[in-house]
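Colleague: Hey, I'm new to this one. Could you put it up so we can talk it through?

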Amino acid sequence: MFVLEKDIERKKEIINMKNVYKTYPNGVGALFDLNLSVYLGEFVFIIGGSGSGKSTLIKMLYREERPTRGEIILGGVNVGKLRNSKVYKLRRLIGVVFQDYKLLPKLTVYENVAFALDVTGVDSKTIRKKVIDVLDKVGLKHKAKEYPDTLSGGEQQRVAIARAVVNHPKILICDEPTGNLDPKISMEIMEILDKINKEYKTTILMVTHDIDIVKKMKKRVIVLKEGRMIKDYKEGKFVDEKL
Amino acid sequence: MKSCRTIFRSLRDALKSVVRNFSLSLASVTCITITLVIIASAILISDNVKNFTREIERDVTVVAFLDSEADETVRENFELSIKKNTNIETFTFKSKEEVKEDMIKENETFSKVISSWDKDSNPLMDTYTIKVHDVDKIADTASQIKSIAGVNSVQYGEGLVEKLVGVFDAVEKITFIAAGALIVVTIFLIINTIKLTIFSRKREIGIMRLVGASNGRIKLPFVIEGIILGMIGSIVPILAVIFGYSTLYDYFGGVLFSPVIKLVKPMPSVVNTSLIILVIGMLVGMIGSARAVRKYVKV
């Protein structure tokens, strides 16, 4: 069963992972005995070297992968036990942003953002209002009629963020959103994510390699190594980490 | 309201996809068109064969000749017996005198000779003309009639009727088997078309899944696309049925080769056939696309 938004607010804990293991069918172990709690409105970085299990962790959150063992509760939903036919309900609680933006090249900026609402059955009037609002929020209202290939990398990523948050998800998962961007543009993206976190109270989980960004943002940081969580820095406590 | 919106938007997406993948759509539509033209021909041939068979069957009768010494009692017994036979529709009695009168009317040359026969010298026999319900069972019915007391002989065009009915049955079966095979081939072609559409929209499907589109919302446009392809594919066959058959009917003057073989009138036959073609087209499109979606859209 899906809990009401009010219940989520009351519980505060929006993600709870208990003794989570993940082994892929080819026998490769990706995560081992992971325990993690994330609270509503938190901004959490997940860092770690290649093969540390970062991507597997976030894929399990939006049910692209199932845990081999253990339990993942997200917004009151037991993600591992969720039937395939019900996954779409979970995904309406989550927004996802990728390194490669995943925009539709034949649609304009406006249409790309509206797409997320259109396919979930939102009425046209609400779509128009929400899309204009969110484009304003990411500073791209003036580019609504342009196509993705006419935009810079940073602008494309802002469109992707707008699409991910247009339906006000409880959680925003970002998989290396600044991976293709230069440091200046990366910081602009981080400012937008910070604004979304503060203004929409959206819980953000961001996977990154970029230690500079992590240092500057002063948020909670989880460090993964070889599939295990080795450190959990509270907000503002992160100094440095060798990946 | 939300489901109406989902259907409307799926329809919009399906139409867009048909236009966007024009060459693929055209290939499928062409295949559906060819199949439906053949199916339409099969239906019209079958209709005409059925009609022709019905006409022949209507004219087929069993004639029972009674013994020359058969009297009133024999006739009463005979009538009682055939009334019990469930395959007999109607029967009419003709005395040998009436048969004689008929023959006089039919043949001028022999009329004088026949007229000279009096009641005792009339070599003809009293007859019963019997119509049957099911022509397929005519041989059995004839032999049952022949076994009734007082019956001299029975005639019903032995062999010819069974052969004709057999040939027509075979023609009908072959046309429908061919149509069935073509439907299967077309379904596979639709599966292939929708598969390619699905692959070309993989990215879009991925994003739909990610943003929480329901399985129905992801799959429905493809199924509708199949139905639309089926509908477009049925346009040419429907026009061919309506105008082609009517023209053919007028050209042959309503009969084929001889007045014995009457063609089915265009109305309402062409309308019925067109509707069947449209429904088959839509079903073939729907089944093909639904199978492709089940196989290739992973949700």
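Colleague: Let's start small. Which side chain does Glu64(A) meet in a salt bridge?

Modeller: That would be Arg91(A), with N and O 3.5 Å apart. Keep in mind that this is a predicted model.

Colleague: What parts does that pair tie together?

Modeller: Glu64(A) sits in the loop between α2 (54-61) and β4 (69-74) of chain A, while Arg91(A) is in helix α3 of that chain, so the salt bridge links parts 27 residues apart in sequence.

Colleague: And how many salt bridges does the structure hold over all chains?

Modeller: The total is 22. Across the interface of chain A and chain B, the rule finds 4. One of the cross-chain pairs is Asp118(A) with Arg9(B), where the closest N and O atoms are 3.7 Å apart.

Colleague: OK, the interface then. How many residues does each chain bring to the contact?

Modeller: Chain A gives 27 residues and chain B gives 18. Together the two chains bury about 1,900 Å², and carbon and sulfur atoms account for 53% of that area.

Colleague: Which residues of chain A lose the most area to chain B?

Modeller: Arg91(A), Asp118(A) and Val119(A), which together make up 26% of what that side buries. So two names come back here: Arg91(A) is the partner of Glu64(A), and Asp118(A) is the one bridging to Arg9(B).

Colleague: What about polar contacts between the two chains, how many residue pairs?

Modeller: The count is 8 residue pairs, with both residues at pLDDT 80 or more.

Colleague: Which elements of chain A supply at least two residues to the side touching chain B?

Modeller: α3 (87-91), β6 (94-98), α4 (109-118) and α5 (124-137). Of the elements in chain A, α4(A) gives the most to that side, with 4 residues. By type, the side of chain A that touches chain B divides into 13 nonpolar, 5 polar and 9 charged residues.

Colleague: Switching to chain B. Which residues make the nonpolar surface patch there?

Modeller: Val37(B), Ile232(B), Ile235(B), Val236(B), Leu239(B), Ile242(B) and Phe243(B), covering about 570 Å². Helix α10 (residues 235-252) of chain B provides the largest share, 5 residues, and Leu239(B) is found in that helix.

Colleague: Now the backbone. Is the peptide bond from Met267(B) to Pro268(B) cis or trans?

Modeller: It's cis, with omega near 0°. Pro268(B) has its place in helix α11 (residues 266-296) of chain B.

Colleague: Last one: what is the phi of Lys218(A), and where does that residue lie?

Modeller: Its phi is positive, about 55°, although Lys218(A) is not a glycine. Lys218(A) lies in the loop between α8 (211-217) and β9 (220-225) of chain A.

How values were computed. Residues are numbered from 1 along each chain as its sequence is written. Chains are lettered from A and ligands numbered from 1 in the order in which they are written. This is a predicted model: local features need pLDDT of at least 70, side-chain atom pairs count only at pLDDT 80 or more; totals for chains, interfaces and linings use all residues. Side-chain values use heavy atoms; hydrogens and water are left out. Contact means heavy atoms within 4.5 Å. Buried area is the accessible area (1.4 Å probe) that two parts lose on being put together, summed over both. A polar contact is a pair of N or O atoms within 3.5 Å; within protein, one must be able to donate a hydrogen and the other to accept it, and residues adjacent in sequence count only if both atoms are side-chain atoms. Ala, Val, Leu, Ile, Met, Phe, Trp, Tyr, Cys and Pro count as nonpolar, Asp, Glu, Lys and Arg as charged, and the others, Gly among them, as polar. Patches are made of residues with over 30% relative accessible area and no salt bridge: like charges are joined within 9 Å, nonpolar side chains (Val, Leu, Ile, Met, Phe, Trp, Tyr) within 5 Å. Accessible areas come from the Shrake-Rupley method with a 1.4 Å probe; for residues, only the protein chains shown count as cover.
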